[in-house]
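Hi there,

Here is the structure I promised to pass on to you. Please have it open while you read, and write back with any questions.

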There are 4 protein chains.
Amino acid sequence: MQSNTRPAARTIGRDGPSFIEVARRAQIVECAIDTIAAVGYAQASLTQIADRAGISKSVISYHFAGKDELIQQVIADVSAAGQAMMWPRVQAETTSAGMLRAYIHSHLDFMRTHPKHVTAVTEILTHYRAQADDTAATPLEERLRQGQRDGEFREFSPRVMAWTIRAAIDEVGRRFVANPDLDLDECAAELTALFALSTQAHQ
Amino acid sequence: MQSNTRPAARTIGRDGPSFIEVARRAQIVECAIDTIAAVGYAQASLTQIADRAGISKSVISYHFAGKDELIQQVIADVSAAGQAMMWPRVQAETTSAGMLRAYIHSHLDFMRTHPKHVTAVTEILTHYRAQADDTAATPLEERLRQGQRDGEFREFSPRVMAWTIRAAIDEVGRRFVANPDLDLDECAAELTALFALSTQAHQ
Amino acid sequence: MQSNTRPAARTIGRDGPSFIEVARRAQIVECAIDTIAAVGYAQASLTQIADRAGISKSVISYHFAGKDELIQQVIADVSAAGQAMMWPRVQAETTSAGMLRAYIHSHLDFMRTHPKHVTAVTEILTHYRAQADDTAATPLEERLRQGQRDGEFREFSPRVMAWTIRAAIDEVGRRFVANPDLDLDECAAELTALFALSTQAHQ
Amino acid sequence: MQSNTRPAARTIGRDGPSFIEVARRAQIVECAIDTIAAVGYAQASLTQIADRAGISKSVISYHFAGKDELIQQVIADVSAAGQAMMWPRVQAETTSAGMLRAYIHSHLDFMRTHPKHVTAVTEILTHYRAQADDTAATPLEERLRQGQRDGEFREFSPRVMAWTIRAAIDEVGRRFVANPDLDLDECAAELTALFALSTQAHQ
DNA sequence: CATGAATGAGCGTTCATTCAT
DNA sequence: GATGAATGAACGCTCATTCAT
């Protein structure tokens, strides 16, 4: 916010946000995630988030330009973590069917390890979706299209298929958040079989 | 305030909501649907709804215990209308595969004919937390189970399959609301094929 | 705000704000005047005004679109009262010198009878002036110009003269507010003489 | 915090503000003037002032007891600079009429050479409540009184005349701030003529 | 000396709800 | 039955001030 020219930074860089600044922002983001996951996006006011963090409401305003920036940071952080965990597994696959299986499994694994993060982002995106563009092709859609070009997948609308896959995963996420006893392994297996059958080319 | 024991109902001695009461509630629910569909749930304050209905804000409070009850009634009314339009078509089918096709098509037909209602309920469900019990089996799940018993469907988790079907349909609904040019016929065909392949027993 | 179609209005018109509405608005405007006069524009928050009125802060929001509308109404009300009291006396004069004398005296008389109103409007205009246009000619400036055309006034810049007259009157207003014992009659006589001498044509 | 009794001042044993202390305060005051002139008093928060000065916000709190003291210092510094520039010219005059002319011209010259300072102080005085005592006679009033004793000026209330002169000059200042194209020379000539006519003894 | 971090009070505004008529 | 009026809590946000380092 202000340009912090700190006298002797710990390691390399000279400028940039201080250690404590980074930590504080991360802490606040985590609290925002907890709060949104716990009470839902609509009820997650700055007061609620601050209370849960045990800090004053204005601390958030100090570290973030506004609520919007905080929410965007939540999305950015969770997305980055998710991408880091999921895409390597997806990329490692050589077949489209394997890719699809890896996509589903890695998403559900991420849910298992970061349930609150997934809940929070789902809440946010659900509320923001209204004004989102949604017309652009997602990476998943592109992968499906590739599978069709390779002849591995049958002919179908990649867009509708991608919507359905995402919707199915998100739905399982919601169910898992509502009921932590849900067997994610079973769900992953079910969804994998479901979409394998619905995408594979006729033999 | 919720149970109005009014002095002299229109017909018999039996107490209960009067004619005008029922009509008023229905009118308000319709206005709520219009308003939510038009401006979104977040902007649909009681003031907005009342203004759009040309009535005073307090008349809503008079006929409904609170905003929550109104919203629940919106969901109930739209659900009832949807059930009335969709289930006969589903029931008329003799095969499980036909049932599934009818389920998908009738849902998407309802979207086409009642876009505002679908928009409103989608908005509401988006902004309300999913506090449903969700552990009970839905009628759809029961139908899927029946298809398995008949040997028409392969073995799969009827629950996960039902979740996915509903999620896919709702997702199409959201997309249709965001983009009215969406080709619902194509979507219906795509989803029908998708779930036919993923449910059918191996030949 | 809402269109009040009241069943039987008291007198003529059908539509329009109700009696109590008008009274409430007037009361709130009066309280705003009191508050601004007492604590200054910068400190006159809605909370202060509401507290002084013994009402809830939201009552103001109910009767006015926002703080801006309230402030504008203060200006409008005071201006209307001032115009009604002052311009007839100014118009009644047949000479420009008489007009100027009447202008000064009537302004100071208005201050005597409405000290808080004058203070409040002075406060407001002082804070709003920054972004005001101020390039248009005021009625006073036009009158001065007329006096020059008639040969009754000497040659001077009507604009600077008008500025000075207004500034002198406002200054006396400020002094009177700060010190209610100030002899307004003497001030009026002094200013009258001052501007008579400074405007009159050489004999 | 206000009276810093520092262990070893630079020169003598006498305590008092150090060199750097004085310089820092002066720098901050200048930045405050720049900021207020640029963005207006209402937007001139300590954050804005500190950012513009390239210093931390707390350094202001360190050198000044609070925002009030800073603002008062702005007024004091600008007043001192104005006095230094203006009074010698006023003192140099031998006649009261000359004094009055010099008073007006030197004030308007100060505006021309120090527009930011005048803007800032004008902004401050506009937004601060006039809590001055105002009962004491100003030097200008004394000079007017002297002119009367000398028979050079006619009989009038020196107090009201002094008020008017100051108000006229300040008004021109406000107009000049709002419109830098304003012809200050013309204004000076107009005001000089105006007050010469209104003060001079009858010939 | 200097500062990044944190705080609490206050701002104008929105809104579901309540109540006397 | 219906309503205009009023309320209080909560919202996101700003800002002067405080404090440990």
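Below are my notes on the DNA contacts and on the two protein interfaces. Please keep in mind that this is a predicted model.

**DNA strand E**

I began with the protein surface around DNA strand E, which has 36 residues. Coming nearest to the strand are Arg24(A), Val59(A), His63(A), Ser45(C) and Ser58(D). On the DNA side, sugar and phosphate make up 60% of the strand E atoms that come within 4 Å of the protein. Sorted by class, the protein residues near this strand are 18 polar, ten charged and eight nonpolar.

Some individual contacts may interest you. Two involve base oxygens of DNA strand E: a polar side-chain atom of Ser58(D) is 2.6 Å from one, and a polar side-chain atom of Lys57(C) is 3.2 Å from one. His63(D) has a polar side-chain atom 3.0 Å from a phosphate oxygen of DNA strand E.

Which elements give two or more residues to the surface near DNA strand E? Chain A contributes α1 (19-39) and α3 (57-63), and chain D likewise contributes α1 (19-39) and α3 (57-63). From chain B there is α3 (57-63), while chain C brings α2 (46-53) and α3 (57-63).

There is also a database note to go with this. An unreviewed UniProt entry places a "DNA-binding region" at residues 45-64 of chain A. In the model, that span is 75% helix and 0% strand, and its end C-alpha atoms lie 14 Å apart.

**Chains A and B**

This contact takes 35 residues from chain A and 28 residues from chain B. Together the two chains bury about 2,800 Å², with 66% of that on carbon and sulfur atoms. How many salt bridges cross the interface of chain A and chain B? The rule finds zero, and two residue pairs are in polar contact between these chains. On the side of chain A that touches chain B, α1, α6 (115-128), α8 (158-178) and α9 (184-199) each supply at least two residues. The residues on that side are 20 nonpolar, seven polar and eight charged.

**Chains C and D**

Here chain C gives 35 residues to the contact and chain D gives 28 residues. The buried area is about 2,800 Å², and carbon and sulfur atoms account for 66% of it. The rule finds zero salt bridges between chain C and chain D, but three residue pairs are in polar contact. For chain C, the elements that each supply at least two residues are α1 (19-39), α6 (115-129), α8 (158-178) and α9 (184-199).

Happy to talk it through whenever suits you.

Best wishes

How values were computed: Residues numbered from 1 in each chain as written. Chains lettered and ligands numbered in written order. Predicted model: local features only at pLDDT ≥ 70, side-chain atom pairs only at ≥ 80, totals over all residues. Heavy atoms only, no water. Near = heavy atom within 4 Å. Polar contact = N/O pair within 3.5 Å; in protein donor to acceptor, adjacent residues only side chain to side chain. Helix = DSSP H or I, 4+ residues; strand = E, 2+ residues; numbered from the N terminus. Nonpolar A, V, L, I, M, F, W, Y, C, P; charged D, E, K, R; others polar. UniProt positions renumbered as here; feature names shortened; annotations may be inferred. Contact = heavy atoms within 4.5 Å. Buried area = accessible area lost by both parts, 1.4 Å probe. Salt bridge = Lys/Arg side-chain N within 4 Å of Asp/Glu carboxyl O.
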